[in-house]
Amino acid sequence: GKYAYVTTQASGGLQIVNLSSLPNTAGVVYQAWTGDGVIAGQLDDSHTLHIDGNYLYLYGSNLFNGGALVADITDPWNPTYVGNFEKPGAEYIHDGYVRNDTMYGCHIYQGFFTVVDFTNKSAPVELATQITPNNFTHNSWLSTDSKTLFTTDEVDGSFVTAYDISDLANIIELDRIQSNPGSNSIGHNVQIIQVLGNDYAVTSSACV
């Protein structure tokens with residue numbers, strides 16, 4: 001609740017900002033984490049991140065062919081590298097969502113998402129994969145009850161797509177929706193927000 005984590009696709013590692021002095025902005029301090037242990041000083045850039053409990057997941061970094069990199073942030077100012085996931089032949093993960101040690105990783109260039117059990121951070125286990133409609137899987141987000149996964153594809157005329165993931169051996173597509181059909185709008189990022197007991201898929205889109 002007192003720290004912000006910022007990714008960059010330029011260089012400089014992961015930025016950690018200590019916000020505990022707010023509203024006194026003069027007291028805000030930050031530092032860069034570039035890895036520790038076996039990856040000490042090696043983390044330079046990454047695309048996105050997601051936090052689940054005391055673990056931070058980085059996606060699309062310069063390490064592990066862009067696969068998921070996991071750090072323990074029990075000490076928020078001093079992350080500790082604990083593991084990674086690379087899928088052979090589809091290592092790069094553009095974005096991802098994690099809940100209760102289960103990652104939903106978006107392999108944008110192969111057009112599918114993977115479901116990965118990260119209970120053991122040093123030995124993750126792939127549980128399932130699913131192709132998305134436009135074959136350019138950009139992001140994912142889970143419903144509040146953890147039964148439905150929503151994805152976007154970052155291409156013209158794409159969909160927000162919903163999947164029943166209650167049985168990972170039989171993932172079922174439930175529905176697709178477009179913003180302004182016929183406009184070639186791009187579904188970029190979807191996020192599920194609960195308001196008064198109802199889930200809303202809040203989606204940023206771009207029109208070309």
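In the predicted model, Thr148 is in contact with Trp141, Leu142, Ser143, Ala162, Tyr163, Ile165 and Leu174, when neighbours within four places in sequence are left aside. Thr148 is part of strand β13. The relative accessibility of Thr148 is 17%, and the residue therefore counts as buried, the cut-off for this class being under 20%.

Two of these contact partners, Leu142 and Ile165, also appear among the residues with the most contacts inside the largest nonpolar core. This core has 16 residues, and the others with the most contacts inside it are Tyr104, Phe113, Leu149, Phe150 and Ile171. Two or more residues are given to the core by each of the elements β10 (112-117), β12 (137-142), β13 (148-153), β14 (160-164) and β16 (186-195). The largest share comes from β14, with 3 residues. In soluble globular proteins, nonpolar side chains tend to be buried together.

The surroundings of one core residue, Ile171, were examined in the model. With residues up to four places away in sequence not counted, Ile171 touches Phe113, Ala128, Thr129, Gln130, Tyr163, Asp164 and Ile165. Of these partners, Phe113 and Ile165 are themselves listed with Ile171 among the residues with the most contacts inside the core. Apart from the largest core lies another, of 14 residues, including Leu63, Phe64, Ala71 and Tyr81.

An open sheet is formed by 4 strands, in the order β4-β5-β6-β7, with antiparallel pairing. The edges of the sheet are taken by β4 (48-52) and β7 (80-85); each has a single partner strand, so one side of each is left without a neighbour in the sheet. From one strand to the next, the twist averages 25°. Strands of a sheet pair through backbone hydrogen bonds, either parallel or antiparallel. Between β4 and β5 (residues 55-59), the antiparallel pairing extends over 5 bridges. Leu49 has Leu58, in β5, as its bridge partner.

A search of the whole structure for cavities of 30 Å³ or more finds 1. The largest cavity holds about 30 Å³ of space. Its lining consists of Gly157, Ser158, Gln178, Ser179, Asn180, Pro181, Gly182, Ser183, Asn184 and Ser185.

Conventions: Residues numbered from 1 in each chain as written. Predicted model: local features only at pLDDT ≥ 70, side-chain atom pairs only at ≥ 80, totals over all residues. Heavy atoms only, no water. Core = buried A, V, L, I, M, F, W, Y, C linked by side-chain atoms within 4.5 Å. Buried < 20%, exposed > 50% of the residue type's maximum accessible area, 1.4 Å probe, protein only. Contact = heavy atoms within 4.5 Å. Pairing = 2+ DSSP bridges. Axes fitted to C-alpha atoms, helices over the stretch in contact; angles between N-to-C directions. 1 Å grid on protein atoms, 1.4 Å probe; cavity = no way out; pocket = protein on both sides within 12 Å on 5 of 7 lines; lining within 4 Å. Points joined across faces, edges and corners; volume = space filled by probe spheres on them.
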